[in-house]
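Please take a moment with the sequence and the structure shown here before reading on. The text afterwards is meant to be read with both in view.

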Amino acid sequence: MKRSNNPAGANHPGCTRRKALGLLGGGAALLGAGAASRSAFAQASDDVLTEALVLRDPDVPSTGNPDGDINIVEWFDYNCPYCRKIAPEIQQVVQDDGKVRLVLKDWPILGEISKFGARMALAAKYQGKYMAAHEAMIGVSSKLTEPRIRELLAGAGVDMDRLNRDATSNAKAIDIILARNHDQAVAFGFKGTPSFIVGKFRVPGILTMAQFEMVIADARKAKKAN
């Protein structure tokens, strides 16, 4: 996990599923139980954690099965090495399962270049190229710079002239998305990237493919029980 002021988070890819879920205090934090922990929501507004905005925000890109029965929501930063490491594994889990929808919440907490990358990715959405931009930036191993980001996006087929226009004309809308993503992350108590909601379980850290599969199974059981 990458933090804004800490090179490495407390969680480690080798943590067990039980330990990861244990961080929730009692096993699982349900979105619907938000009122019980309202004091932990910091400066987030009362409506920032509605199920609709967390799971189905129409302004936030998603991939996988649009009609999937389980959502994985990820808060990530393009300059986070752990986000890059886990990205292909999450995509594989989503592909193998076939009934998972992956929601991608840009949370640029690692400096100005991270903010630039997030803004460019969200601006690319207006030409239908968000996923191309996302995959180009999340798939590199070196630290990003503004020239490198522009190079990667151009190589991914993004129309750069239109991107620049869209980033300017939609600046306010992009600001609102990033602020909402941030408020949600803070309200859930996330300390760094990557952090996840799987179904209605809060998972503040990295899991292996097998652990993701088990949490997805748990989320389905919880959904069925309700």
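The paragraphs below go through one helix and its surroundings, and then turn to salt bridges. The model is a predicted one, and this should be kept in mind throughout.

A convenient place to begin is helix 6, which covers residues 146-155 and in which Ile149, Leu152 and Leu153 are buried. Looking down the axis of helix 6, one finds its buried residues within an arc of 95°, so they line one face of the helix. On the face turned away from that buried side, helix 6 carries the exposed residues Pro147, Glu151 and Gly155. What do the buried residues of helix 6 pack against? Their partners are helix 4 (112-124), helix 5 (130-138) and helix 7 (160-169). After helix 6 comes Gly157, a residue whose phi is positive, near 90°.

Glu151, which was named among the exposed residues of helix 6, also leads to the second topic, since its side chain meets that of Arg148 in a salt bridge with 3.1 Å from N to O. In general, side chains of opposite charge can pair when their charged atoms come close. Arg148 and Glu151 both lie in helix 6, three residues apart, which is about one turn of the helix. Arg148, with a relative accessibility of 28%, counts as partly exposed, because the partly exposed range lies between the cut-offs of 20% and 50%.

Helix 4, one of the helices against which the buried residues of helix 6 pack, holds a pair with the same spacing, for Lys115 and Glu112 both lie in helix 4 and are likewise three residues apart, about one turn of the helix. The side chains of Lys115 and Glu112 form a salt bridge of 3.3 Å, N to O. Lys115 is partly exposed at a relative accessible area of 38%, whereas Glu112, at 58%, counts as exposed.

A further salt bridge joins Glu51 to Lys200, with the closest N and O atoms 3.0 Å apart. This pair links distant parts of the chain, as Glu51 belongs to helix 2 (residues 51-56) while Lys200 sits in the loop between strand 4 (195-198) and strand 5 (201-203), 149 residues apart. Both ends of the pair are partly exposed, Glu51 with a relative accessible area of 36% and Lys200 with a relative accessibility of 31%.

How many salt bridges are counted in the model? The count comes to ten salt bridges. Among the salt bridges are some that share partners, and these join Asp57, Asp59 and Arg180 into one network.

Terms used. Residues numbered from 1 in each chain as written. Predicted model: local features only at pLDDT ≥ 70, side-chain atom pairs only at ≥ 80, totals over all residues. Heavy atoms only, no water. Buried < 20%, exposed > 50% of the residue type's maximum accessible area, 1.4 Å probe, protein only. Helix = DSSP H or I, 4+ residues; strand = E, 2+ residues; numbered from the N terminus. Arc of directions from axis to C-beta. Contact = heavy atoms within 4.5 Å. Salt bridge = Lys/Arg side-chain N within 4 Å of Asp/Glu carboxyl O.
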